[in-house]
Structures are given as structure tokens and as C-alpha cells.
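Reader: Hello! I am new to this structure and would love a close look at one single part of it. Could you walk me through one helix and its surroundings?

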Amino acid sequence: QVLLVFAEEDDQSNGFRWACDKAGFRCNVARTPQSALECFLDKHHDIIIIDHRHSRYFDAEALCRSIRTTKASENTVIICVVQRHTDREESSILPLITAGFTRRYVENSSRMACYNELIQLEFGQVQAQFKLRACNSLFTALEKSQEAIEITSEDHVIQYVNPAFETMMGYQIGELIEKELTEVPINEKKADFLDTINSCIKIGKEWQGMYYAKKKNGDSIQQNVKILPVIGQGGKIRHYVSISRLCNDNNKVEKTCECIQAESQTDTQTCRHKDMRKGSLDVRSTTSRGSDGSSQRRRSSMARVHSMTIEAPITKVINIINAAQESSPMPVAEALDRALEILRTTELYSPQLGTKDEDPHTSDLVGGLMTDGLRRLSGNEYILSAKQTHQVAGSLSSPISLNDIPPRITQAMENEEQWDFDIFELEAATHKRPLVYLGLKIFARFGICEFLNCSESTLRSWLQVIEANYHSSNSYHNSTHSADVLHATAYFLSKERVKQTLDPIDEVAALIAATVHDVDHPGRTNSFLCNAGSELAILYNDTAVLESHHAALAFQLTTRDGKCNIFKNMERNEYRTLRQVIIDMVLATEMTKHFEHVNKFVNSINKPLAALEENGNNGDGESIKTVLRSPENRILIKRMLIKCADISNPCRPREQCIEWAGRISEEYFAQTDEERRQGLPVVMPVFDRNTCSIPKSQLSFIDYFIIDMFDAWDAFADLPNLMEHLNNNIKYWKGLDGRNLRVLRPPP
């Protein structure tokens, strides 16, 4: 039966009426949403075709939603007729799917086009819906059956049990659905017996015999069981059917238990709830369980695990989506299926390059910054830091006093509280030792010595030790970069929204983390160290190699000598808290988790704050405080703060941005040179000093890493001056690239 919902008779509606007559379908026509709903509830049509071309008559999507709220529409196919537009871009079908439409039909009043559409629907969606209606009848029979029935997937995940099974085994259905079959039949013949079962069912043969099953209360019951494999999609075993009879001591049959596993409409989703051991359950793995007390204890433990309610948050999300699928129209269920596929991946926050993968600059940057490199099993080794001698307090010259800073350096730091502060002027004035001087001034402004209960001389010694362990030979990752990140961190900490969020200990941790975040950096990426088989890569298992080293060495340098131990007077618990925050912030600078940190910040902070503002709660201090001050969100804010400080170069004034671009490019050029000399994999081939376009590399980095992150950070901390610099710098690099220039500056 077909229901046509058209406000007015026209060629399109007449085309479908003719098609219904030719196909032998019974047809009704409704002119208004109300009459359409009444007619459907009376006739229960298989297909509904709704005119969506003229919104002035009625809201087609609202009508579809109204129909979908009725129980009768569960197996109904609803088609949306839309206008044909040849002069504009194709629109998305998602709003129609969300409203409950099965598919759309672009207007075509040709009678044969209408007829072909109906025939395709009949042999496609309509026929599939008929099968689903039959499934409902089968499940009704199973629910009323006196036999105990269990449905599981080929991965031994329970999909269904009926009331008779619950009564027999003592479980509730909620304790079993989507749980693994951990209790394998036990029989006195043990290994040989279980091996026989396994060898039969795994090759598609049925097995019948006796075994002992364990009820929820721990009691064992003897059953006469038949296990039947069911062949499904791809000609493979998709389910097993177990038919069991409960026996008394004399082996007389008292009751029948049927465990039926059938190909069902939920197969595609439930078969993905894999056994943690993967693959088919090998019953031989349980043959060591005997009748001794130890075996009984293990089986009892497994029974408790069987009904555990502890779930990871992602598991709860997946379960909620699975539950929603059961009552959703097929298109929605299929869309949720795709969402589940995404949720079950491990790289939830790593975007796919899409069309950008055609750009070698982007590909190389992502490959170099967000992977741990290709594993190389050659004899080449890049020795770094494990046996290297680090500068300690005793080997350095006596520190100067904050009051004895030379006038040129004082003048260079006059505007250090402003974003446009020139770190390169300070670098020149201090002979490439800006970290000690800038650190002394910023730490004094934030009262760090008072918080740590340490003297200014201890702080000076500490800053000197840290700066001495930055490599001045690096073009980029040197103490000037550290001082630049420290300056950006201090600037962000002064913003009102950040001050509302963080505690004093957070501010102290942020400034210390910024100071040490790249200490002893070798001027090479993590990928290079892993490929070279460096001692650091081996020490840290090729995972966050440099970031782990920076954090660990910072604490080693600090605590090995009382002269520079800024933590020595702290209370133990407060020190542990501070140390934990510093380590977390340093590790957050590792780029492999860049998108995870940014997306969590957007979803947990930006969006809730925006929702409060949209709902008129901008002045509701308590609601905002709840978002800002939760421990989890404070962690995300601190991570985002140091990440933005670490790669803020594109948001600096143009001359500083250009200088930083030249320095990082030179460091990458040097790495490529060394990789070729040593015969190592070239991590970023595009950074060849003879062919690389610096404007293109900067634009790729900005586009892929910077824009989204600073949009989110600006929305939180209000940074209009940074965003203006960013836009100007993008225009600058685009201008050079548009002229096919590969250098930092245009020719005179």
C-alpha cells in the first residue's frame, strides 16, 4: 500500500498514481498533514511519499517526524520528493534522514521514472521491512516458549536470552546481554571431551552430548545439549545454536533448554562486540580447570566477572547508541552504525588528512611531528643524553642579582608584560642567555619564590642550570625558545578568564613547565631519534621520547644540588602535586596528542561556555565556575595554555614570526642533511634546503595545527591581538607563495 501526500495535484503526484496502478499497489492520496496521519494510522501503508518541494503548504519534515513517533511506522518506508536544482550545489541529505525519511526522490514526473522508483523500493527496502516484521513474530514465539533460549554471536557474545533461560540459570537478561561466554561446559572427560566439542562446531558440524553448566548461584546442573553452528554472511559461521535439556541424577529429562543462535538484523552491530582474546573461543583453554579448590575459586571469580557492572565511559556511550538503534528507522540505525565504527577506533582525535594529503608540506609535517618514525633495525645509532655530561650548579659562574641587571638588558625587558615584547632583542642583549634574566623578572612578578619558600639566589642558580642545559647550537630549540614560551605562558596567565580558573600552584607549575619544557633538546624530532635507535628512544620505548626526557632531566638537575633546588623547602604533598602538574604540562607539548587535547578542550570547555552564553547565563557566575573549576577541565586548560605558548610563533608580530620560521626551517634542514648522511629514513623530505618552500611549509603548519587551536584558545581567553597577527602573517606567507617565492622575505 502507498500513501501519497501532496497538497495539490500536479504531474509528479499523477506520475506516482499511474505508477501505483501499473505496479498493482493500492494507493491513497492525502492533501494535508492531518489527513495523511489519520489515513496512515487507519491503513498502515508500506510506502509513504511526501512532497517536500513547496514548504508554503506544509512542513514535510515535521510530518515525517510525526509519523515516525507512531508504533505503526516502525517498518514503513518514507520517501521525500525534493526539487531539482541545476543552478546550485547539491544539498546534504542528513536533515531528511534525521527527520525520519528513508530516502529522497529528486522530482521527475516521468511515469516510468516513478514506476521504476516504486519497483526498486518494493524489492529493496520494503522487502527488507517484511523480513523484519517476520523477525518480530519469531521473537514473540521465543519469548513465550517454555524452552530456555540463548542467542550468541560467533565471538561468543550473548545477544539474546528468553524468560525461560533467565528462570533456569538464575540470571536477568541485563546481566547477560553483550557479555562474553566465560563459563565453558565442564565434563568429567575434560580435555578430550572439550576438544571433541570444539573440533565439531568450528568446522560447521553439530554436536550433542552431556555437560555441566553453572547457574548464577554457583550450583552445577547437568544438561543434555545439542550445539548447532549457523552459517551466515560470507559463508562463515556467524552463530551457534545450543539446545539443552536439564537432567536429574538418573539422567531423566526434566526440562529443555534451547540456546538458539540465528542470523538476525542486529548481526552487523553485535558481532563487533569481540571477545577480548579475539577470534573463536578455544574451549581447550579451560581444560586445566579441575575439581580442586583453586579451579572452583577461578570459576567463581569468572562468574562474578560475568555480571560486573564496571564499564569504561566509551563502553557506556556505545551501549547507549546500541539501545537507540533498536527503535530507530533504518537510515538512522545505519548512521549510528557508522558512528560506532568511529568510536571503536583508537585514534579518536587524530583527523584524516582528506584532500590535504596531496600537499607534501602538510604530509611531511604531520609525519614528522605526529609519529614516532619508521623503526630501523640497522647498526646506526644516534647517541644522545644517556651518558652526556649535563651542566650543574657548581660548574657555573656566580649568578648575578636581579638588582644588578645591566641597563641594556633592563631596557630590553621593559615591555615584557606585552604580547609584542621582542625576545630577539633580549637574546642579543644577553648574548644568547635570555632565560635567566626574563625568568628572574617574570618569576618575581608572579611571586614564585614566596610560593616555593626559596631564596632568590636559589632561583637564580636554578635558572642558570636550566639555561646551561639548552643547546645554544640549535637554531630553534634553544634557551631563546624557552624564554619565548615562558613569556607567552606568563601573558596567558594574566588573562582574566585564565586567572578565574587556575590556582596559585597551577600558575607556578605552568611557569616552571614552560621554562624546562625543551631542556637538553638535541635539535632533532622524536621520529629521528626512534629511527636512529638513540639511547633515549630505547629508554622511553619510542613513546614521547623527548618530552619524557625534558621532564625527567628537569627534576634531576633541580634536585641533585641544594644550591639550585627550588623545591627543597616545600611540604611533601604540595611538592608531589606541583611535580605532577609540571610533568603533565611538559608531556602535553608532544604533538602526537595535539588533536586530542584541542578537541577535548573544545568539547569540554568552549562548547559548554558558549551554551551558557546562548541561554542567557553569561552572568551566572556559578554555572561558569562549575565549567571552569572542575579538576578535569583545569587540566585541559593548563595543557592548552602551554601548547599554545609552545607554538605561538605564527601569532607573533611579523618580524618575529619570520625569524622563528627561518630558525625552525634551518633545524629541519639540518635534520634532513643528517638523515641522508647516516642513511636513515628521511622523515620530512620536503625540508630539503635546496628545494623547500618556507612559505608553503608555514601555511601548511598554520592551516593544520594553528588555526583551530588558537580559535578555541581565543574564544576562551580573548586574544584579539594574537588573532590579528595570525591573520596578517597568513596574508604575508600567501603573498610570497603566490609569487612562487620559497624564501623568508621578498627580494628588495
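Author: Happily; here is a walk along helix α1, followed by a look at two cysteines and the whole chain.

This is a predicted model, in which local features need pLDDT of at least 70 and side-chain atom pairs count only at pLDDT 80 or more, while totals for chains, interfaces and linings use all residues. Residues are numbered from 1 along each chain as its sequence is written, and side-chain values use heavy atoms, with hydrogens and water left out.

Let us start with the helix itself. Helices (H or I, at least four residues) and strands (E, at least two) are DSSP runs, numbered from the N terminus. Helix α1 covers residues 11-23, which is 13 residues. The expected span of a helix is 1.5 Å times one less than its number of residues. For α1 that should give 18 Å, and its end C-alpha atoms are indeed 18 Å apart, so the two agree.

Now for the ends. At the N-terminal end, D10 acts as a cap, with a side-chain oxygen 3.1 Å from the backbone nitrogen of Q12 (a polar contact pairs N or O atoms within 3.5 Å; within protein, one must be able to donate a hydrogen and the other to accept it, and residues adjacent in sequence count only if both atoms are side-chain atoms). After α1 comes G24, with a positive phi near 80°.

Next, the sides. Buried means under 20% relative accessible area, exposed over 50%, and partly exposed in between, with a 1.4 Å probe and protein chains only. The buried residues of α1 are Q12, S13, G15, F16, A19 and C20. They lie on the same side of α1 because they cover an arc of only 155° around the axis, taken from the directions from the helix axis to the C-beta atoms. On the other side of α1, D11 and D21 are exposed. The buried residues pack against strands β1, β2, β3, β4 and β5 and against helix α5, where a contact means heavy atoms within 4.5 Å.

One of those buried residues is C20, at 0% relative accessibility. Its closest cysteine sulfur, in C27, is 4.0 Å away, too far for a bond, since a disulfide is a pair of cysteine sulfur atoms within 2.5 Å. C27 itself is partly exposed, at 27% relative accessible area. The structure holds 0 disulfides.

Finally, the wider setting: the protein chain has 30 helices and 11 strands, and buried residues make up 50% of its 748 residues.
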